[in-house]
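Welcome to a short guided tour. Open your viewer, get ready to select, and follow along one stop at a time.

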Amino acid sequence: MSKTPKYIFVTGGVSSSLGKGIISASLAKLLQSKGLNVTIQKFDPYINIDPGTLNPYEHGECYVTSDGTETDLDLGHYERFLSIKTTKINNTTTGKIYQSVINRERKGDFLGKTVQVIPHITNEIKRRIKLIESEDKYDIIITELGGTVGDIESYPFIEAVRQFKWDVGEGNSLVIHLTLLPFLSAAGELKTKPTQHSVKKLMESGVNADIIVCRTEKTITDELRSKIALFCNVDVNSVIESIDAKTIYEVPLLMQNEKLDQVVLNKLNISKVKKSDLSDWKSFVNKIKNPKTKLKIGLIGKYVELQDSYKSILESFVHAGAENESKIDVVPVHSEDINEKTVKNKLSSLNGLLVAPGFGERGIEGKIQSIRFARENNLPFLGICLGMQMAVIEFARNVVNLQNANSTEMDISTKHPVITLMENQIDVDQKGGTMRLGSWKCKIEKNTLAKKNI
Amino acid sequence: MDKLKKAGMVFSGLNPETGLVEIIEIPNHDWFVGVQFHPEYQSTVKNPHPLFVSFVEACKKTI
């Protein structure tokens, strides 16, 4: 095994939402299955310090790591694929980088010097790329760069990668560029031009892609592979097809068929690895693809239009569904669409109900109505965070008869404050990083569902 | 809390340091659980979260 870790960078071109996170996590899974100690980190080019204050419509779910950090949803994929725990160190943003450089400038660390993108910002990016080394003895560290090559915000990151590759020397790092091969039905073929341009864009910044992963809806012919190889400066084995998959969990298996792991190991001069065993993973994917029953579970929330905003809940259902050999059709129900009249119609065909986490007053009466329906009709119910609080309010109002019972978050003057804002939350006026998040101790009562299942 | 307990709600998980309620249940119902923590951030392919597994199992019984 190598003494110092090897570095893999994953960049994206042509379009966003190509699935860099899934490709990174899949590669990490394959390398992990060969006995290597692998971790992944994500560098996001936006200027927010963390995604905690981003609207889910903008950026999907905010994934919370066990140390309570609000991070990018890709960290969820890393944890779910690899069964590793990530922390705040695994997610950096332009905001965090500038914040630390500016703080150092105020402290006088650069006294007398002009503080510039190069070298100060790029040095801070490079420092943060290596920061994770101190966490554990990693063989391979994968760094996913958010955004698309060519974006203004991405430049300092690409420049830092160029310098980093130079610093660590040949065979110690490589760049994987993920692109899209659009299929034009009028021409009846896959087009490589956007890929060529995007690789060229990367080269203008002095970075050569070592491996090109092509997202595509059709199989790539050998002829097309040769063409991409020729125009993009890579050998033909380094052109990897990433065809649309039925489930994201199939991607590691597809990448294995394409020998992505082998190409990576060759380029990084790593030869001593064990034979990979993915039999558990394969059986999991088989269960997803061949369910014995189908279930409909309602997901009540206020951001249900956008799948990504409840990503972790949906994925948890995929895992639990496979375990139960069931396909779970998660039916999104907007909490504001539910009232006394619509509730029966909306929920009666469901096999279970989940009320999602959330904030604020919007839609809470709809949530309470649906919880009442679940309680009175013996429909399995799981409430998370605000979902639990609403279940307590519903119970207080309709079973204990405390009319107008409420949470002080929603109604500060309620007569029956069954849920109260924590004291240290009452005066919160700054946004971001103020919630009680992360792992906490919990004492569990005997003979309860909690005892059996946690 | 006493009134709610008497009416059949069980506070099955408490934070020992702060006394905050982390888990509630209604035993008089086939499967009714509320959690203040986030099980969805703990579920992995290798270890699906037991609460989700048990919830889906309960949903299966409604067929």
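**Stop 1: a helix and its two sides**

Select N233(A), which follows helix α8(A) and has a positive phi, near 65°. Keep in mind as you look around that this is a predicted model.

Now step back into the helix itself, residues 222–232 of chain A. Which residues of α8(A) are buried? Colour L224(A), R225(A), I228(A), A229(A) and C232(A), and you have them. Because these residues cover an arc of only 140° around the axis, they sit on the same side of α8(A). The general idea is handy here: an α-helix has 3.6 residues a turn, so residues three or four places apart point the same way.

Turn to the other side of α8(A) and pick D222(A), E223(A) and L230(A), which are exposed.

What covers the buried residues of α8(A)? Show β9 (189–190), α7 (193–204), β10 (211–216) and β11 (239–243) of chain A, which are among the elements that do so.

**Stop 2: where chain A meets chain B**

Next, display both chains. Here 63 residues of chain A are in contact with 52 residues of chain B. About 5100 Å² is buried between chain A and chain B, and carbon and sulfur atoms give 69% of that area.

Select helix α12 (residues 311–323) of chain A: with 7 residues, α12 gives the most to the side of chain A that touches chain B. By type, that side of chain A has 38 nonpolar, 14 polar and 11 charged residues.

How many salt bridges are there between chain A and chain B? The count is 0, while 19 residue pairs are in polar contact across the interface.

How values were computed: Residues are numbered from 1 along each chain as its sequence is written. Chains are lettered from A and ligands numbered from 1 in the order in which they are written. This is a predicted model: local features need pLDDT of at least 70, side-chain atom pairs count only at pLDDT 80 or more; totals for chains, interfaces and linings use all residues. Side-chain values use heavy atoms; hydrogens and water are left out. Buried means under 20% relative accessible area, exposed over 50%, partly exposed in between (1.4 Å probe, protein chains only). Helices (H or I, at least four residues) and strands (E, at least two) are DSSP runs, numbered from the N terminus. The arc is that of the directions from the helix axis to the C-beta atoms. Contact means heavy atoms within 4.5 Å. Buried area is the accessible area (1.4 Å probe) that two parts lose on being put together, summed over both. A salt bridge is a side-chain nitrogen of Lys or Arg within 4 Å of a carboxyl oxygen of Asp or Glu. A polar contact is a pair of N or O atoms within 3.5 Å; within protein, one must be able to donate a hydrogen and the other to accept it, and residues adjacent in sequence count only if both atoms are side-chain atoms. Ala, Val, Leu, Ile, Met, Phe, Trp, Tyr, Cys and Pro count as nonpolar, Asp, Glu, Lys and Arg as charged, and the others, Gly among them, as polar.
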